[in-house]
Amino acid sequence: MSKAELDRIRAVYLKRQVARNAARYHATAPAEAHALVRRREAFENLLRYWLPGGVQGQSVLDVGCGNGSRLAEWEDWGGDPKQLIGVDLMPSLIDVARKNFPACGWLVASGDNLPFCDGCFDVVTQSMTVS
């Protein structure tokens, strides 16, 4: 992806962050709280199916990690934060992730040009990055 296209995408995401009604999407807002609980339940069902032995020892890359809260859930499920890596295109979101979850690894990067070797993660996730 060209630098111009990455800059365009960053500008759109930044505009959304500024325009977004923060109270509406806060984790304590009733609709958002319900959605978060349902999302977590669905993801836990997937984990039980795909990783029946649990998440311990799994290296995880979350592409489009945003503020890091989804990746940090892996620690709740027994993952080692040193093996949890999040990447996002938005530096401001990576700053929030680093502040809130300092034990995990965070990197500003584009999902189409990741600085990792093929197959070096046990699990790769992405949620809501195509918008």
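At 17% relative accessibility, F121 counts as buried, because the cut-off for burial is a relative accessible area under 20%. This value, like every other one below, comes from a predicted model. The ring of F121 has a partner in F116: their centres lie 5.0 Å apart and their planes stand at 90°, so the pair is edge-to-face. F116 itself is partly exposed, with a relative accessible area of 27%, whereas F121 is buried.

The pair of F116 and F121 belongs to a wider set, since a search of the whole structure finds five aromatic pairs. Another of these joins W74 and W77, whose rings are also arranged edge-to-face, with 5.9 Å from centre to centre and 75° between the planes. Both W74 and W77 are buried, and together with F43 they make up one aromatic cluster. F43 has a further contact to consider, for R70 lies over the face of its ring, at 5.1 Å from the ring centre. A reader following this part of the model can therefore take F43 as the link between two descriptions, as a member of the cluster with W74 and W77 and as the ring over which R70 sits, a placement that counts because the CZ atom of an Arg has to be within 6 Å of the ring centre and within 35 degrees of the ring normal.

From here we can turn to the cysteines. A disulfide is a covalent bond between the sulfur atoms of two cysteines, and in this model the count comes to zero. C65 is in no disulfide, and the nearest cysteine sulfur, that of C104, is 9.5 Å away. For C117 the nearest cysteine sulfur is that of C120, at 3.2 Å, and this pair is not counted because the two sulfur atoms would have to be within 2.5 Å. The surroundings of the two residues can be set side by side as well: C65 is buried, with a relative accessible area of 6%, while C117, at 52% relative accessibility, counts as exposed, because exposed means over 50%.

The last stop is on the surface, where L46, Y49 and W50 form a nonpolar patch with about 430 Å² of accessible area together. One of its members, L46, lies in helix α3, which covers residues 30-50. L46 is partly exposed, with a relative accessible area of 46%, and it can belong to such a patch because the residues of a patch need over 30% relative accessible area.

Notes: Residues numbered from 1 in each chain as written. Predicted model: local features only at pLDDT ≥ 70, side-chain atom pairs only at ≥ 80, totals over all residues. Heavy atoms only, no water. Buried < 20%, exposed > 50% of the residue type's maximum accessible area, 1.4 Å probe, protein only. Phe/Tyr/Trp six-rings, centres within 6.5 Å; stacked < 30°, edge-to-face > 60°. Patch = residues over 30% accessible without salt bridge, like charges linked within 9 Å, V, L, I, M, F, W, Y side chains within 5 Å. Areas by Shrake-Rupley, 256 points an atom, 1.4 Å probe, with all protein chains shown as cover. Salt bridge = Lys/Arg side-chain N within 4 Å of Asp/Glu carboxyl O. Helix = DSSP H or I, 4+ residues; strand = E, 2+ residues; numbered from the N terminus.
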